[in-house]
Amino acid sequence: MEPLLRMTSIRKKFPGVQALDDAGLEVQPGEIHALLGENGAGKSTLIKILAGAQQPDNGTIEFGGEHVVMASPHDAQRRGIATIYQEFTLAPNMTIAENVFIGREPGPSVFVDWGKMASDTRAITDRLGLALQPLAIVRGLSVAEQQMVEIARALSMKSRLIVMDEPTSALSLAEVDKLFRIARELKAHGLSIIFVTHRLEEVMQICDRYTVLRDGRLMGSGSIKDITIDGIIRLMVGREVKALFGHRDRETGSDVVLRVEGLNRLGNARDQSATVLEDVSFEVRRGEILGVAGLVGAGRTEMARSVFGADRFDSGRIIIGGREVRIRSPKDAIHHGIGLVPEDRKQQALFLALAVRINLSMASHGQLLRWGVFIDETAERAMVEEYRQKLNIRMATPEQLIANLSGGNQQKVTLARWLALRPKVLIVDEPTRGIDIGAKVEVHNLLFEMAQSGIAVIAISSELPEILAVSDRIIAMREGRVTGQVKREEATEEVLMSMMTLSAKNNERNHGNID
Amino acid sequence: MNETMETSTEHPHSRVPGRTKLDVFGILARFAPLIFLIVLMIGFAIFEPRFLTPLNLFNILRQVSIYGLLAVGMTFVILTAGIDLSIGSLVAFAGLVAAAVSKGGISNRFTVGAGQEAASQGWYLAALAAIAVGVLGGFLQGFAITKLKVPPFVVTLGGMSAWRGAALLFAAGGPISGFEPNFVWMGQGRIFDQVPVPVVIFLAFAVLAHIALRYTRYGRQIYAVGGNPEAARLTGLNVPAITTSVYVIMGFFAGLGAFVLDARLNSAEAVAGTGYELTVIASVVIGGTSLFGGVGTIFGTVIGTILIGVLLNGLVLMNVSAYIQQIIIGIIIVLAVAFDTFAKSRQRVG
């Protein structure tokens, strides 16, 4: 059969990174296709190219039997490709009908025929078996319902291919079932669906075929019937751990610096009743690096932010050096010796309009005070120079704007900001995101040195080779829960990947060593 | 999954030390207000010989000194990406309270000659009263902004109406005028028969504010909160307290400005300060402080204030109508912000 979509030899280079290097994707008419890969494998880039949001450097796209160039998102939609991103693109204050027909409202010239728009919307929702009022305001809908509105919009555009990026990540089990029922129905009507997902159990349940990307390359493609979950995991992570990412053996202290007990949190910005953290418990010792593995949205960052006082939590205890402490703000956490290097450097750590020197010392003004209010700039310059040497921060001058440093050097300044405070516990969230390979190795070495000096380090990363390289012990999280714990010696990418992707129940059976 | 967005902004090899180019545009942008001021002064001097006399220059400074005091306070607010529209009204209210205090209390406030003989301390009680009203007013607005989480624009728009109402209520019997000589000297006197007292007050507080912003921990924290409030919070700063404090500082300067205004006019009235917020915000923005927060200096604000004073003075000397002056000020505000945005986009790319 002639495939509906064939993407061949797709290449895309971003400054510093070859995001796609000979990637491909083939989708048959009337199938549900799983697009799989680790974080950073290139899935997002590939679907953005398909959606016309980005242009490939190289490669061809055939859709419906003809060569096409997706010049813009509008162009892709016109040809029948609808993409539903994780962050919905609905206008929250408008009605369902307006959202479904946005930009294509029926009616004479500039006027909108509300009656027709509502009845057309109802025709689509009825077809999907949804009980939605066309004139209801989108803001009041649940995440699952909003997703259905996105699907209705795709159908109203007469789409032949619907791409869904992590469609189940914010849904309850019942909602997932409903989504799958609708997906099967669309398939029966001849539509094709691409699921970009991390949940391999769901892939086995709903998908017909799969494509796995790794490091921007097509690693394998085939029928779900012919492969197992383990087989998919092997394709996803199958690279040798790069020799650069060497582990360094060292002594770990025995005294527990930080113990977290039964951390619970309900409700995030999108959904009041979502389980964000459920009974999260762990401990980290002096001089130890605790790795936290998990997929995007597994609750790793939320755990870190709760421990650091950046987000509230509902219940649970934080014990430092044997004493329970109350942490209600980052200020409290810092007072108790906890630091956090957040995942998004630019949004959450850096003051881009200020000099490197001022960025570096921002948390440690207390050590630099003269007469209680003035900052001793001589001492400050000495501090900056000390960390420039220690961390090998490459900059023209400390007076340079931090915005003009490379990502790796920006990250070193952020690390230095916390090191200057001499923390007992340092949480690093995605410490090497968006920095080049050389700087990654340097950051890893810094983490080793920090642990060596007695700091208890908690390292969160989506990159399994990184977790394996830096950690002494690893916990995995999924859906707000700790789903497993392994010593580094026993950890492999396969073990971690299964702890991160399978449901907690399965893990207790397989690895039952949550202590 | 946003690996592409992350990586696309990285240029791992493009920022090697030692390869920093001389950023002509950046330097130009930084000193643009000063350059503009000098060009303007040369221009007026050529067209109007009376412009460049010491008497006229001191007059300009005296005229802008109250705007200048307010602009110094406003710089703190705008550095945190806030705004205060209430200052004109707060100046009127604080000025009336100060005037009443100098006359020995509310019941005497309309008595001609009251307070004259009472004591020569009248002036500093008046100053304290004006500043107390300003600080309290600023604190209330800061509290509403940080605790009730109402945007500064809305809170101070409310304040603009409320303080004006309070002033009208307080001045039910008309203006309060005729203060004791020491009080009046604060607004009309000259030191060494040359330098107007308000100019000295303005420049002295500008220097203090400069020191606070440039050399203290508190100053650093203001830039941090304005530049990136989330990062500031995650660095352990008390963002609500710092945000509230800038409105208190603004209130302090509104009170001080009200006091000097009373003294200069030897009178306080409920319609005083009308429209000040516009001129003051314009001075700060023209001086290079970004409305988006985190960027700006007191030096720039002083230059911006003088620039507006010079512009208005020059236009008056050239017989340009007051209405056209307003139009010109309006256009200049928009151009200053456009320039700021343009400079920022240049920075991002370069």
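Start with chain A coloured by secondary structure: 18 helices and 22 strands should appear, where helices (H or I, at least four residues) and strands (E, at least two) are DSSP runs numbered from the N terminus. This is a predicted model, in which local features need pLDDT of at least 70, side-chain atom pairs count only at pLDDT 80 or more, and totals for chains, interfaces and linings use all residues. Residues are numbered from 1 along each chain as its sequence is written, while chains are lettered from A and ligands numbered from 1 in the order in which they are written.

Next, keep the whole chain in view. The C-alpha trace of chain A spans about 75 × 50 × 45 Å along its principal axes, and 48% of the 515 residues count as buried, a label given if 20 or more other C-beta atoms, placed from the backbone, lie within 10 Å of a residue's own.

Now colour by domain, using bounds from an automatic or database domain assignment: select 5-237 for domain 1, 242-337 together with 423-515 for domain 2, and 352-422 for domain 3. The centres of domain 1 and domain 2 of chain A, taken over C-alpha atoms, are separated by 32 Å.

Then select the open sheet of six strands, whose order is E16-E19-E20-E13-E21-E22 in chain A, with mixed pairing; two strands pair if DSSP finds at least two bridges between them. At its edges, each pairing on one side only, are strand E16 (338-341) and strand E22 (481-487) of chain A. Within the sheet, strand E19 (residues 425-429) and strand E20 (residues 456-460) of chain A run parallel and are joined by five bridges, and Val428(A) can be found opposite Ala459(A) in E20(A).

Add helix H9 (residues 300-307) of chain A, which packs on this sheet and touches E13, E16, E19, E20 and E21 of chain A, its direction making about 150° with that of E19(A). Such angles run from 0 to 180 degrees between N-to-C directions, with axes being lines fitted to C-alpha atoms, for helices over the stretch in contact, and contact requires C-beta atoms, placed from the backbone, to lie within 7 Å. Helix H17 (residues 493-501) of chain A also packs on the sheet, where it touches E13, E21 and E22 of chain A at about 30° to the direction of E21(A).

Finally, move to the open sheet of four strands, ordered E12-E11-E14-E15 in chain A with antiparallel pairing. Strand E12 (275-285) and strand E15 (323-325) of chain A are its edge strands. Three bridges join strand E14 (residues 315-320) of chain A to E15(A), and Ile319(A) has Glu324(A) as its bridge partner there.

Definitions and conventions
A residue is buried if 20 or more other C-beta atoms lie within 10 Å of its own, exposed if 12 or fewer, and partly exposed in between; C-beta atoms are placed from the backbone. Two residues are in contact if their C-beta atoms, placed from the backbone, lie within 7 Å.
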